[in-house]
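Q: Please take a close look at one loop residue in this structure and describe its setting in detail. Then work outward from there, keeping to what can be read from the coordinates.

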Amino acid sequence: MKKGDVRLRGIWWGGFLLLFGFLMSLVWADGLFALDRSTDQLLSLFETVFSYVQDHYVEEPDPEVLLEGALEGLFESLDDPYSEYLSEEELRDLSDTTRGEFGGIGLYIAKETSNGGDAGYVDVVAPIEGTPAYRAGILAGDKIIGIEGESTMDLSIDEVLSRLRGEPGTQVTITIKRGGDYVFDVTLTRAIIQVPTVRYEFLPEHKVGILRIIQFTPHTPEKVEEAISAFKEQGYRGLLIDVRSNPGGLLDSVLEITDFFFREGIMLREEGRTSEATRTYYATGDLLVDEDIPVVVLVNRGTASAAEILSGVLKDRGRGTLVGETTYGKGSVQQVQLLPRGGFRLTVARYYTPSGVVIDKHGIEPDVTVEEETFTEDQMALYGELLSSGRITEFVVSHDVVPSEEAIRSFISRLASERPEYDPEILRRLIHAEVVRRSTHPPLYDPDYDRVMQEGMRILLGLMGGET
């Protein structure tokens, strides 16, 4: 054996023996590696390792940075995207979102950390109406796989948020994956995001009130009460509630609204490991929607959290018929705790409907399944290029958002002459979707292109004893 090899082997063995001796010292110290380790022993082990790193690392580490890294790892080990350590900046961002106004592009997002496939990328739970992301056509179910060329696979949800937010007027380019293979970039201009809550409309020809709940904030119950009172004054006989792409919000808000539909009984169960995290919520008898008013609820894969509570309870107790797609499946309770610097968010319980249906990771299945129209992979490849080119957006904007029928026919004819494989009806639907996104007040009731709304109205009219 060469002298150099012997020397390298000696260095290697020396390092190994040093590490082995350190590990054995931990084993011998109060039996810390025993199978029945107590919490005190585990904390003692952590303190021993922390002190060793602080005293022996090749460069003197900042103890606060070490502690912050340890806390981040603690929450990551839970494999729960909703439990996390929050730095001071992240805690401030969370507070901004809760208040209902923040700077960004207008998306509710989540991150699945397991289950393979596209896990690790960022799920678009829902776009916020009227925001840059909404107007750009980003949809619930899309995946954000990159931000400014950087993969989101290894970014935490808060790191993603910090990259998406910024000064109003600045731009950010994100990479979207839609369906199996269609990937495209979209550049968005950041803006101040004001979160809307409720919109409503009365259809006098059907005596139907349409209630669109966009998010559950402290002001949502009073807005819902205002809408229902208006419907009553106009003699409504049926109620259609639209919570599609509603990402949720405050528990107190959705419970107050759910209470409008029941005289008594259980509305929701919250179960955790501690008595403080286990509660049952009952109706208070503050009935606002008369029991003889039939209710239909529209849901989709972007219906999440508090919106799933309202949908699930109405379905579970036979008070509403759900129409659409299985909801997102975010039915867990988080508590935020403050630390001297920063804080953390921890899942402490899960929600259950009165009959025991678990919402978290399962979602609420509709009574009547109606899938929203989506493109096939071939159609995505065909029309994705057209959408990415911005030609439809330019056409709509050039006609002050609402083009005339003659202008639409001429534009469709021009596009079809360039690509004979284009379907004129699909082109018309794309133009219509762009008009809706660009509208200051998009219509709540779309009898021509909204399949879920069409089926919901058909079912509601049948329950009212009218046309079907």
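A: In this predicted model, N246 sits in the loop between β12 and α8. N246 has a relative accessible area of 0%, so it counts as buried. Leaving aside neighbours within four places in sequence, N246 is in contact with I213, I214, Q215 and F216, and also with G302, T303, A304 and A307. With I213 there is a polar approach as well: a polar atom of the N246 side chain lies 2.8 Å from the backbone oxygen of I213.

The two elements that flank this loop also take part in the packing of helix α7. The buried residues of α7 pack against β12 (238-242) and α8 (251-258), as well as β10 (198-203) and β11 (208-213). Those buried residues are T220, P221, V224, A227, I228, A230 and F231. The helix has 14 residues and spans 20 Å from its first C-alpha to its last, close to the 20 Å expected at 1.5 Å a residue. Just after α7, G235 has a positive phi of about 75 degrees.

K232 also belongs to α7, which covers residues 220-233. At 36% relative accessibility, K232 lies between the limits of 20% for buried and 50% for exposed, and therefore counts as partly exposed. Not counting residues up to four places away in sequence, K232 touches L288 and D290. The contact with L288 includes a polar one, in which the side chain of K232 reaches the backbone oxygen of L288 at 2.7 Å. As for D290, 58 residues separate it from K232 in sequence, while the two C-alpha atoms are 9.8 Å apart.

Next, the nonpolar cores. In soluble globular proteins, nonpolar side chains tend to be buried together. The largest nonpolar core here has 43 residues, and L211, L239, I241 and F261 have the most contacts inside it. Helix α9 (residues 306-316) gives the most to this core, contributing six residues. Beyond its neighbours up to four places away in sequence, F261 touches L239, I241, L287, V289, V295, L314 and R319. Apart from this core lies another, of 39 residues, which includes A133, M380, I426 and L427.

Aromatic residues give a further view. F231, one of the buried residues of α7, forms one aromatic cluster with Y200, F202 and Y236. With ring centres required to lie within 6.5 Å, the count comes to eight aromatic pairs. One of them joins F46 and F50, whose ring centres are 5.8 Å apart and whose planes meet at 45 degrees, so the pair is tilted. F46 and F50 are four residues apart in helix α2 (residues 39-56), so about one helical turn separates them. F46 is partly exposed, because its relative accessibility is 39%.

F395 and F411 form a stacked pair, with 4.2 Å from centre to centre and 5 degrees between the planes. This pair links distant parts of the chain: F395 is in helix α11 (residues 391-398) and F411 in helix α12 (residues 405-418), 16 residues apart. Both rings belong to buried residues, F395 with a relative accessible area of 6% and F411 with one of 3%.

Two strand regions complete the description. Strands β7 (residues 171-178) and β8 pair in the antiparallel sense over eight bridges. R178 has Y182 of β8 as its bridge partner. Three residues lie between the strands of this hairpin, where G179 takes a positive phi near 75 degrees. Along β8 (residues 182-189) the side chains alternate: Y182, F184, V186 and L188 point to one face and are buried, whereas V183, D185, T187 and T189 point to the other and are not.

The other region is strand β4 (residues 122-127), which holds D123. Like N246, whose relative accessible area is 0%, D123 counts as buried, here at 11% relative accessibility. The side chain of D123 makes a polar contact with the side chain of K143 at 2.3 Å, whereas N246 uses its side chain to approach a backbone oxygen, that of I213.

Terms used. Residues are numbered from 1 along each chain as its sequence is written. This is a predicted model: local features need pLDDT of at least 70, side-chain atom pairs count only at pLDDT 80 or more; totals for chains, interfaces and linings use all residues. Side-chain values use heavy atoms; hydrogens and water are left out. A nonpolar core is a set of buried Ala, Val, Leu, Ile, Met, Phe, Trp, Tyr and Cys residues joined through side-chain atoms within 4.5 Å. Buried means under 20% relative accessible area, exposed over 50%, partly exposed in between (1.4 Å probe, protein chains only). Contact means heavy atoms within 4.5 Å. A polar contact is a pair of N or O atoms within 3.5 Å; within protein, one must be able to donate a hydrogen and the other to accept it, and residues adjacent in sequence count only if both atoms are side-chain atoms. The expected span of a helix is 1.5 Å times one less than its number of residues. Two strands pair if DSSP finds at least two bridges between them. Rings of Phe, Tyr and Trp (its six-membered ring) pair if their centres lie within 6.5 Å; planes under 30 degrees apart count as stacked, over 60 as edge-to-face and the rest as tilted.
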